[in-house]
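Me: I would like to work through a protein model by question and answer. Please show the sequence and the structure.

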Amino acid sequence: MPGLTAPSDYSLEPPRHPSLLINAKTPFNAEPPRSALISSYLTPSDFFYKRNHGPIPIVDDIERYFISISGLIENSKSLFMKDIRMLPKYNVAATLQCAGNRRTAMSKTKTVKGVGWDVSAIGNAVWGGAKLADVLELVGIPKLASITRLGGRHVEFVSIDKCKEENGGPYKASVPLSQATNPEADVLLAYEMNGEPLNRDHGYPLRVVVPGVIGARSVKWLDSINIIAEECQGFFMQKDYKMFPPSVNWDNINWSTRRAQMDFPVQCVICSLEDVSTIKPGQVKVSGYAVSGGGRGIERVDVSVDGGKTWLEASRYQKSGTPYIADDAANSDKWAWVLFEITVDILHSTEIVAKAVDSAANVQPERVEDIWNLRGILNTSWHRVQVRVGHSNL
Ligand SMILES: Nc1nc2c(c(=O)[nH]1)N[C@H]1C(S)=C(S)[C@@H](COP(=O)(O)O)O[C@H]1N2
Ligand SMILES: [Mo]
């Protein structure tokens, strides 16, 4: 591909913010301190978690960059950036969350395999770009189609980065055609993040954003789109990012028995306190984020200051000063997180817990042990932090 190339080593990585917590240098995997997440509803791109499986691709010549669309369609097509920009532009607020968010906490139960994320492998941004549904119309696939005339049922996104899991091949993933062609699913080919051109870490010049779905399906540095009959057969769809029960281990795993994870479940995390904090007795602000997948809003966030015996309801907001209502179409970004906040009185050392309920009344599991899985994905257990009340030296 002339416009976009993939280095085979890490000598040409972009600069990154020094306050990121680095979980792996090559490939670069890093997350912000949790306190940074609650300082704004939109996560600045500098502080947005970075999840990579290879060296960051490079744009040699943006004028020559194009994506090709082919597969089970009558006519293949190449689209340059100017063709994508010609389509109506949408700005969609959507939270991207890695399926491995909170993996470190899950690994305390029993070892899991994967990058050790704390609670910040998540971020909320306004993504600007064309709707995939409009792009697919350019190759003759109508809105709301679930199958093409030639039998295509899935839309595969292929990048150009060199991933060791793919034996040096590119990262790829797919979504069902019915989701890709549904304008309300808001699947984007995004070229902007928070009003600025995407930066290299986040997929410059063009990435997919699949709102409400685990981050793994939002392919960065898009190179081509294939319309295919079956789901993408790549590593990250077939041999990774699947949810297994706790009884499955590396000796008895059979990947084909489980579906590729798509929507993420309801999640919520306290970001105003570390895992263990020493505080003065008195009022403490407890705040954090809550989000659910599939476009389900957050109906409630409960906070406990006695380890989960009794609960108080926190207030929720997206725009400061405006209370959030889960099913208020006019005032809620349905793909985006809500921030929550409550001030509590803490006089003794205790455990503070938070859990959220989504608009389908889905709740978070209490115990991480019950959802433990060998890849350490989707840790959505009640979020717990310890506070130690100290009386001196504070
Ligand atoms: N081409 C490509 N796309 C990719 C990845 C990747 O390694 N290569 N990682 C995926 C994963 S697992 C996640 S969680 C998100 C992370 O996006 P971000 O780095 O912009 O936060 O990108 C996804 N898209
Ligand atoms: Mo991820």
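The questions below go from the whole chain to one sheet and then to one residue.

Reply: This is a predicted model, in which local features need pLDDT of at least 70 and side-chain atom pairs count only at pLDDT 80 or more, while totals for chains, interfaces and linings use all residues. Residues are numbered from 1 along each chain as its sequence is written, and chains are lettered from A and ligands numbered from 1 in the order in which they are written.

Me: How many helices and strands does the protein have?
Reply: Helices (H or I, at least four residues) and strands (E, at least two) are DSSP runs, numbered from the N terminus. By that count the protein has six helices and 24 strands.

Me: What is the radius of gyration of the protein?
Reply: The radius is taken over C-alpha atoms, and the globule rule is 2.2 Å times the number of residues to the power 0.38. For 394 residues the rule gives 21 Å, and the protein is close to this, so it is as compact as a globular protein of that length. Its radius of gyration is 21 Å.

Me: What percentage of the 394 residues count as buried?
Reply: A residue is buried if 20 or more other C-beta atoms lie within 10 Å of its own, exposed if 12 or fewer, and partly exposed in between, with C-beta atoms placed from the backbone. Of the 394 residues, the buried share is 48%.

Me: In what order do the four strands of the open sheet stand?
Reply: Two strands pair if DSSP finds at least two bridges between them. The pairing in this sheet is antiparallel. β16 (267–270) and β21 (315–317) each have a single partner strand, so one side of each is left without a neighbour in the sheet. The order is β16-β18-β22-β21.

Me: Which residue in β18 stands opposite Ile270?
Reply: β16 and β18 (residues 282–291) run antiparallel and are joined by four bridges. Opposite Ile270, in β18, is Gly288.

Me: Is Ser35 buried or partly exposed?
Reply: Ser35 lies in helix α1 (residues 34–37). It has 13 other C-beta atoms within 10 Å, so Ser35 is partly exposed.

Me: Which residues does Ser35 touch, not counting residues up to four places away in sequence?
Reply: Two residues are in contact if their C-beta atoms, placed from the backbone, lie within 7 Å. Ser35 is also 9.4 Å from Ser287, C-alpha to C-alpha, though the two are 252 residues apart in sequence. The residues that Ser35 touches are Cys271 and Ser272.
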